[in-house]
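Reader: Before I rely on any description of this model, I should like to know what stands behind the terms used.

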Amino acid sequence: MSDIVDVLIIGAGASGAAMAYSLAETKMRIVCLDQGGWTKPSDYPTNGRDWEARFFGDYSPSPNIRGRAEDYPINDDASPIKVVNYNGVGGSTIMYTAHWPRLHPSDFRVRSLDGVADDWPIDYDMLVPFFEENDRMMGVSGLAGDPGQPPRNPPMPQQPLGLSGAIIGSAMNQLGWHWWPSDTTVATMDYDGRARCINLGHCTPACAQGAKASTDITYWPHAIRAGVELRTHCRVREITVNADGMASGVIYYDKDGVERFQAAEVVVMACNGIGTPRLLLNSKSERFPDGLANSSGLVGKNLMFHPYAQVYGYVDAPTDSNRAPPTCLWSKEFYETDPARDFVRGYSFQFGRGAGPVMEAVMSDAKGLLPWGDDHHRVFRRLNGHRIQLSAICEDLPEAHNRVTLDPVLTDSHGIPSPKIDYTISENSQRMMAHGIARAKEFLAAAGARDICTNSPILYGGWHLLGTARMGNDPARSVVNEWGRAHDVKNLFIVDGSIFVTSGGVNPTSTIQALALYIADQMKQRLANLFD
Amino acid sequence: MTNPTDLTPAQQDDLRAIAGCIVPASAEFAVPGADDPAIQADMLATLGRDAPAVRAALERLAALAGGSFAALAPAQRQHVAAALRAEGGVAVATLARVVLQVYYRDDRVVRSLGLEPRPPFPLGHVLPDGDWSLLDPVRSRQPFWRQAG
């Protein structure tokens, strides 16, 4: 198929779906290619008795463990944090916790406020209409009135507090620290064709009920009804350019492994912070010998993960364990910079309700808490159903040496070079994590918890893949401009987490999608002179 | 033809024996051990992608035992099992996970924990709404997010 399309979107995940939906109203011919396929809720783990075990196999968030043909392997040996993602329609929204904070206004002004990194070329207020549109489309549950963040009005009520939430709230009140029910994309009422949450409790590896928003069941049905074509099991190898240095289309492998070319007037990349630089670096040409859109040399650099410092313990009272969505509350008490601390910027706390019996057994065994032998049963009954946990989601500042390059040996199932990650946790982040661990232990003490354990960083905690094709006004110091267009290639746009200038200290998907809607809006406003 | 996930009879014996060391039967809690025949059958049937690591762990176990682990006396088994656990590593962690993830989905074991032996879907669970007055102290705080203008 070589007929030219108006817009070609690469990736059907969080940002690609939002972009497709928003552009559909233009009635342009829009095609999206995704290397994976549609997932069936009847295949999701919570349908079977092995629901927890599959987290360690075919529903692991790690592509290297899942190892499906549509997953590309990632060499993350040189990183203390391993990459997790999902490849298919919906992307990593299939396999995420549905925690739904936004970046704060201060996150867009870190240079001006704190003298570190760079300011974004856009600000929070510019994104507000797109945050709101995205909250409606994804279906967000939450509670207005949070003093820890700017006003917003989630369209559905918050999740129940539950047993764990009451324990957490009481302890936070003792300390006088902020806490609030999390905004979440778990539907608490029937919403836009989705059934309400029934507390399957194993949300991260996909929701069989369809209560958790993933873009295969939110944006995509609307986009497809509006005329967008979505081709699955089509893996893009490279973006091609013409004699004028404009993107001319992509070379991809279709579901039968046949090499195809798809011509396009506009190419939009939505492959997130690892997939996008990988594809740009794989798109070398005579004109772009260092990879496409890489005259700044910044493609793949400044990778930010959000190091997670997780702390947990066990209380006497029963918790919700696996019988509720795992994340329920957040705290912004330590989010903003405090000059009295030994680090700049800050972190959120994300609270967890507990774990199911298999997870509890496996994790407690790994920590040495759970004995082998006769005492096993007594100890397990003290641990199981009594865990409360929290994680400090630490702002990772951009550093050029944290980067994505191409592995010289490793390839995916089509022979396309795989990404290689080189990443270290900065001293600032280390100090921030230490602060978070100390505060978390104070919280657990207030809750009366014992057997305190830490995971810092969470090894398989590379959920947030940011910064590798950063946004900015200066072509020498950024890859895309303030509305997502590549400085070097005027018909190439990037709309995923790779364009983040800084990471904030929150889960980024809400902001990624708001950015995609904002960029789509900018494109629609400039259709007559999009390439000027 | 041998299935790549198959263990030799000797390895199956050792798997059963080490599983029983990790989680022995308990009369106090009225539960079988992880060496129970039904649990062992489930373990072998679902070994799948974990087979190579489990096989490696069992080979190391046999080496530590100086032959058959299953043939050791109970006290010796405990000693060798403790040595294996102390060595650690990916293979041993995988072996322990395989034992635990199968054990803690057995109907008898799940019931003994006060849980229903069923998958989460389609019935789900009931979550109490809770007392939201707990949030009152936080509601009364002034906005403290940082202005950026």
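Author: The following exchange sets each value against its definition.
This is a predicted model, in which local features need pLDDT of at least 70, side-chain atom pairs count only at pLDDT 80 or more, and totals for chains, interfaces and linings use all residues. Residues are numbered from 1 along each chain as its sequence is written, while chains are lettered from A and ligands numbered from 1 in the order in which they are written.

Reader: What makes up the secondary structure of chain B?
Author: Helices are DSSP runs of H or I with at least four residues, and strands are runs of E with at least two, numbered from the N terminus. Chain B has seven helices and zero strands.

Reader: How do you know what radius of gyration a compact globule of 149 residues would have, and what is the value for chain B?
Author: The rule is 2.2 Å times the number of residues to the power 0.38, and the radius is taken over C-alpha atoms. For 149 residues the globule value is near 15 Å, but chain B has 23 Å. Along the principal axes, the C-alpha atoms of chain B fill a box of roughly 70 × 40 × 35 Å.

Reader: What makes residues of chain B and chain A count as part of the contact?
Author: Two residues are in contact if their C-beta atoms, placed from the backbone, lie within 7 Å. The contact takes 47 residues from chain B and 59 residues from chain A. Helix 5 of chain B gives the largest share of the side of chain B that touches chain A, five residues.
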